[in-house]
Amino acid sequence: MQALVHKQGIEVRIAGELDVYTAFMFTMALKRLERLEPATIIVDMADLEFIDSSGLTALREARQRADQAGRILTTKRPGARVRRFLTLAGEGALLDPPLPHLTNEKSDPQLEQEGASQ
């Protein structure tokens, strides 16, 4: 997992699988990023190959936390399998809504290290 911090929000890039084995680490990393109080959190799913019900629950809970905090949480670039899963699970609203352009990105090295160990 890699996080890019922008002036307007944070982009989180996830790869591989978001499942029973990785959902907890994903949630903990997101909660750490939420403490920065970004206006927007974008979960880039271009390299996500698989998501199960645990991953879906992690996304739903993240969206609930975002709603309660008055921020936007969305996804971008899910592959066909992930898009189909989210649509069938009734989470089509998470898929690619229009967002403000994010600029001034910088990486979060701590998250990059954690992602490398997954």
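The following exchange between a trainee and a mentor goes through the fold, the core and a few loop residues of one predicted model.

Trainee: What conventions apply to this model, and how are its residues numbered?
Mentor: The model is predicted, so local features need pLDDT of at least 70 and side-chain atom pairs count only at pLDDT 80 or more, while totals for chains, interfaces and linings use all residues. Side-chain values use heavy atoms, with hydrogens and water left out, and residues are numbered along each chain as its sequence is written, from 1.

Trainee: In what order do the elements of the chain run from the N terminus on?
Mentor: Helices (H or I, at least four residues) and strands (E, at least two) are taken as DSSP runs and numbered from the N terminus. On that basis the chain has 4 helices and 5 strands. From the N terminus on, the order is β-β-α-β-α-β-α-β-α.

Trainee: Which residue in β2 is the bridge partner of Q2?
Mentor: Two strands pair if DSSP finds at least two bridges between them, and β1 (residues 2–5) pairs with β2 (residues 9–18) in the antiparallel sense over 4 bridges. A hairpin of 3 residues joins these two strands. Within β2, the bridge partner of Q2 is R13.

Trainee: What is the handedness of the crossover from β2 through α1 to β3?
Mentor: Strands β2 and β3 (residues 40–51) run parallel and are joined by 9 bridges, after which one can follow the chain from β2 through helix α1 (residues 23–34) to β3. A crossover is called right-handed if, with the strands pointing away from the viewer, the path from the first strand over the helix to the second runs clockwise. By that criterion, this β-α-β crossover is right-handed.

Trainee: Which residue of β4 is the bridge partner of I41?
Mentor: On the β2 side, I41 of β3 is the bridge partner of I10. Strand β3 also pairs with β4 in the parallel sense, over 5 bridges, and the chain crosses from β3 through α2 to β4 in a right-handed β-α-β crossover. In β4, the partner of I41 is L73.

Trainee: Which residues have the most contacts inside the largest nonpolar core?
Mentor: A nonpolar core is a set of buried Ala, Val, Leu, Ile, Met, Phe, Trp, Tyr and Cys residues joined through side-chain atoms within 4.5 Å, and the largest one here has 27 residues. Those with the most contacts inside that core are V12, I14, F26, M45, L59 and L86. At least two of its residues come from each of β1, β2, α1, β3, α2 (53–69) and α3 (80–88).

Trainee: Which residues does M45 touch, not counting residues up to four places away in sequence?
Mentor: Contact means heavy atoms within 4.5 Å. With residues up to four places away in sequence not counted, M45 touches I14, L59, T75, K76, R77, P78, G79, V82 and L86.

Trainee: Which elements do the buried residues of α2 pack against?
Mentor: Helix α2 has 17 residues and reaches 24 Å from its first C-alpha to its last, close to the 24 Å expected at 1.5 Å a residue, where the expected span is 1.5 Å times one less than the number of residues. Its buried residues are G55, L56, A58, L59, A62, R65 and A66. They pack against β2, α1, β3, β4 (72–76) and α3.

Trainee: Is H6 buried or exposed?
Mentor: H6 is found in the loop between β1 and β2, and its C-alpha is 9.9 Å from that of I41, although the two are 35 residues apart in sequence. Buried means under 20% relative accessible area, exposed over 50%, and partly exposed in between, with a 1.4 Å probe and protein chains only. Because its relative accessible area is 7%, H6 is buried.

Trainee: Where does E37 lie, and is E37 buried or exposed?
Mentor: E37 has a positive phi of about 55 degrees although it is not a glycine. Most residues other than glycine have a negative phi. E37 lies in the loop between α1 and β3, and at 66% relative accessibility this residue counts as exposed.
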